[in-house]
Each structure stands twice: as C-alpha cells, then as structure tokens.
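Please look through the sequence and the model below before reading on. The paragraphs that follow start from one element and then widen to the whole chain.

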Amino acid sequence: MKIDNSLKSVAAVRTRATRGDKGKTAADTDAAIADSVELTLASTTLNAMEEALAGMPAEDTDKVEAVRQAIADGHFQVNEEAVADALVQTTVEQLRRQGQP
C-alpha cells in the first residue's frame, strides 16, 4: 500500500464558531466565559487528610529495622492466623465495594 500526500491540497475546514470568533481577542473570549467552583465538605475533608498524610512518614523505621534484624538473625516468624484474617477482611471489603452502585 502506497501512502501519498494527496491531502495537502485540501483546504482547512473551519466551523461557524471558528469563523465567528476570528476578530475576537483572548480577553473577549475570557469575559464571555464565567466559571465557578464549589467545594463540597467531602472534598475539603479529603484535602485536609491529604495534607495530614503528607506530613507522616511512609513507614515505621523502627519496626522495619526490627523485622529486618529478625530476618537476618533467622528469628522472624510469620503469624499465619493474622495474615489469613487480614486476607479474609480485605476480600470481604472488596466484595462489599463491588456490590455497591
């Protein structure tokens, strides 16, 4: 299949709105558009939570170091029951979220 430049001769098509706006400046267009923003309580709360979380460390360095040391020493033990409970709880929460519209 050969691709050629046959469309170069086609003139650009403008809409009526484009033709009508030809003499307007950016200031004229901005003046015609009025935007408003309304923040809900949920949005305000989420913003506050984001700011609070941004100030918190991503990890508990003392706990991470203790686990790292326990692994290195060969003394780290996994609490299978706690892991299983957490997996079940996460699955239940996901199923509840999927069931909600």
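How many residues does helix 4 have, and how far does helix 4 reach from its first C-alpha to its last? In this predicted model, helix 4 covers residues 61-73, which gives it 13 residues, and its end-to-end C-alpha distance is 18 Å, close to the 18 Å expected at 1.5 Å a residue. Just after helix 4 comes glycine 74, whose phi is positive, at about 80°.

Within helix 4, glutamate 65 and arginine 68 are joined by a salt bridge in which the closest N and O atoms are 3.3 Å apart. The two residues are 3 positions apart in the helix, so about one helical turn separates glutamate 65 from arginine 68. Glutamate 65 counts as partly exposed because its relative accessible area is 38%, a value that falls between the 20% limit for buried and the 50% limit for exposed residues.

The loop between helix 4 and helix 5 contains glutamine 77. With a relative accessibility of 69%, glutamine 77 counts as exposed, since the cut-off for that class is over 50%. Although glutamine 77 and valine 67 are 10 residues apart along the chain, their C-alpha atoms are separated by 9.6 Å.

Beyond this loop the chain enters helix 5, which spans residues 80-99. Here a salt bridge links the side chains of arginine 97 and glutamate 93, with an N to O distance of 3.9 Å. This distance satisfies the criterion of a side-chain nitrogen within 4 Å of a carboxyl oxygen, and by this rule the count comes to 2 salt bridges. Because arginine 97 and glutamate 93 are 4 residues apart in helix 5, about one helical turn lies between them. The partners fall into separate accessibility classes: arginine 97 is exposed, at 55% relative accessibility, whereas glutamate 93 is partly exposed, at 35%.

Helix 5 also contains valine 83, which is partly exposed, with 41% relative accessibility. Together with Ile71, Phe76, Val78 and Leu87, Val83 makes a nonpolar surface patch of about 470 Å². Membership in such a patch requires over 30% relative accessible area, and the 41% of valine 83 is therefore sufficient on that count.

What does the protein contain as a whole, in helices and strands? There are 5 helices and 0 strands, so that the order of elements from the N terminus reads α-α-α-α-α. Buried residues account for 1% of the 101 residues. The exposed area of the protein is about 10,100 Å², of which carbon and sulfur atoms supply 57%.

Finally, the confidence of the prediction should be kept in view. The mean pLDDT is 79, and 67% of the residues reach 70 or more. Confidence is lowest in helix 1 (residues 16-20), where the mean is 52, and highest in helix 5, where it is 94. The salt bridge between arginine 97 and glutamate 93, two residues of helix 5, thus belongs to the element with the highest confidence.

Note on methods: Residues are numbered from 1 along each chain as its sequence is written. Side-chain values use heavy atoms; hydrogens and water are left out. Patches are made of residues with over 30% relative accessible area and no salt bridge: like charges are joined within 9 Å, nonpolar side chains (Val, Leu, Ile, Met, Phe, Trp, Tyr) within 5 Å. Accessible areas come from the Shrake-Rupley method with a 1.4 Å probe; for residues, only the protein chains shown count as cover. Buried means under 20% relative accessible area, exposed over 50%, partly exposed in between (1.4 Å probe, protein chains only). The expected span of a helix is 1.5 Å times one less than its number of residues. pLDDT is the predictor's confidence in each residue, from 0 to 100.
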